[in-house]
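Reader: I'd like to learn how to read a few features from a structure. Could you walk me through some of them?

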Amino acid sequence: MGKRRPAILVLEDGRTFPGEAYGSVGETFGEAVFNTGMTGYQETLTDPSYHRQVVVQTAPHIGNTGVNGEDDESGRIWVAGYVVRDPARIGSNWRATGGLEDRLATEGVVGISGVDTRALTRHLRERGAMRVGISSVETDPQSLLARVRQAPQMVGADLSAEVSTPEPYVVEAVGEHRFTVAALDLGIKRNVPRRLATRGVTTHVLPASSSIDQMLATGADAIFLSPGPGDPATADAPVELAREALRREVPLFGICFGSQILGRALGFGTYKLGYGHRGINQPVLDRITGKVEVTSHNHGFAVEVPGVGAGAVVPDQVIDTDFGGVRVSHVCLNDNVVEGLRAVELPAFTVQYHPEAAAGPHDADYLFDRFADLIEGRTHSKGRSNA
């Protein structure tokens, strides 16, 4: 491998890390976040929830298995930039169809390698996620720093429309069709409708701008609120859609950004985490089953329970809302962050993490069964009431 072009990474507080160009040569800006997954870099890169974020991989060796045509979670790479310590010189895997760096260069993703990612991650843990710039064309850190500080912040960013599908599409059920779900695409990953399909669910994926009537016109038995990027405090239209679904008692399931949307619809607030949860090794307690799951996360915001400060233990009790009682169903065992909500009287629940397991693990896959059971119970209930 020949000598690489020099590059620099500059955080908005002025901390600078030297390295070498990786991927496309150029300049990029975004929010610096770190991902602790030891694998799954292709799913990370193509996850729409990483839109406008510069991802730092804490695992030192990246690119070992190359890239392939099957593991993408969307139609393109969404990260604003990519930071690795030691990129693989050769990708080796029987499924590989190309190399990671070539893929980054082809899609114009500016990255940097040779960075002390351990020191960078420790800095972000201590100081919090912040804006960052990467450049392989600028050699003056102060000049790059000035442009970093002009870049938009993640707080107040309304991004779901930028990653949503422009047109509706359908993912058919596998085998016997049981139910129809309308998914509001706020940044959905491909594995969500796949996991639903294996349970006999046909999923209609609709643009983020869709109305409740457009979603129900698909013949939907339930509504799914997808993951996605940005600040949930800006997503007023999806929140109102969720409120209307609650009023009509339509079964609802929200994941990640969708969990925050449904949380807001129930009357809770949201807040920005110091450095977020991103990786595939986060321990979460399911208060319904009493089991601890190892789960996949990618969120920088969280639901705020009234009267409970950030980082405090959330009591396992019913919380009164305009839509009846709500329980905090899941909590992160690292920092007590709310990781799920369950309505007591209405057919609605959420999780803040990713049971679609892209990439891994599969501990929380049962939540799609819980969603199917919720729909089935509601369908039978309506059938009896109409009899």
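Reader: Let's start with the cysteines. How many disulfides does the structure hold?

Author: Happy to help, and please keep in mind that this is a predicted model. A disulfide calls for two cysteine sulfur atoms within 2.5 Å. The structure holds 0 disulfides.

Reader: Why is there no bond for the sulfur of Cys256?

Author: Look for the closest cysteine sulfur: for Cys256 that is the one in Cys332, and because 13 Å separates the two, they are too far apart for a bond. Coming from the other side, the closest cysteine sulfur to that of Cys332 is in Cys256.

Reader: And is Cys256 buried or exposed?

Author: Buried here means under 20% relative accessible area. Cys256 has 2%, so Cys256 is buried. Cys332 is buried as well, with a value of 0%.

Reader: Which side chain reaches the backbone oxygen of Cys256?

Author: That is the side chain of Gln352, at 3.4 Å. Gln352 sits in the loop between β20 (348-351) and α10 (366-386). Although in a loop, Gln352 is buried, with a relative accessible area of 0%. Setting aside neighbours within four places in sequence, the contacts of Gln352 include Cys256, Phe257, His299, Phe301 and Glu339.

Reader: Let's turn to empty space. How much space lies in the largest pocket?

Author: The general idea is that rolling a probe the size of a water molecule over the atoms shows where empty space is left. In this model, the largest pocket holds about 340 Å³. Two elements each give two or more residues to its lining, namely α3 (117-127) and β15 (269-286). Of these, β15 gives the most, with 9 residues.

Reader: Which residues lie nearest the centre of the largest pocket?

Author: They are Arg125, Tyr275, Gly276, His277 and Gln282, out of 18 lining residues. By type, the lining divides into 6 nonpolar, 9 polar and 3 charged residues.

Reader: One last case, please. Where does Arg103 lie?

Author: Arg103 belongs to helix α2 (residues 100-106). With a relative accessible area of 16%, Arg103 counts as buried, because the cut-off is under 20%. To see what surrounds a residue, leave aside its neighbours within four places in sequence; for Arg103, the contacts are then Gln42, Thr46, Val67, Asp72 and Ile77.

Reader: And how far apart are the C-alpha atoms of Arg103 and Asn68?

Author: These two residues are 35 residues apart along the chain, and their C-alpha atoms are separated by 9.9 Å.

Technical notes. Residues are numbered from 1 along each chain as its sequence is written. This is a predicted model: local features need pLDDT of at least 70, side-chain atom pairs count only at pLDDT 80 or more; totals for chains, interfaces and linings use all residues. Side-chain values use heavy atoms; hydrogens and water are left out. Helices (H or I, at least four residues) and strands (E, at least two) are DSSP runs, numbered from the N terminus. Buried means under 20% relative accessible area, exposed over 50%, partly exposed in between (1.4 Å probe, protein chains only). A polar contact is a pair of N or O atoms within 3.5 Å; within protein, one must be able to donate a hydrogen and the other to accept it, and residues adjacent in sequence count only if both atoms are side-chain atoms. Contact means heavy atoms within 4.5 Å. On a 1 Å grid over the protein atoms alone, a cavity is a set of points where a 1.4 Å probe fits but cannot get out, and a pocket is an open set with protein on both sides within 12 Å along at least five of seven lines; lining residues have an atom within 4 Å of a point. Grid points are joined across faces, edges and corners, and a volume is the space filled by probe spheres set on the points. Ala, Val, Leu, Ile, Met, Phe, Trp, Tyr, Cys and Pro count as nonpolar, Asp, Glu, Lys and Arg as charged, and the others, Gly among them, as polar.
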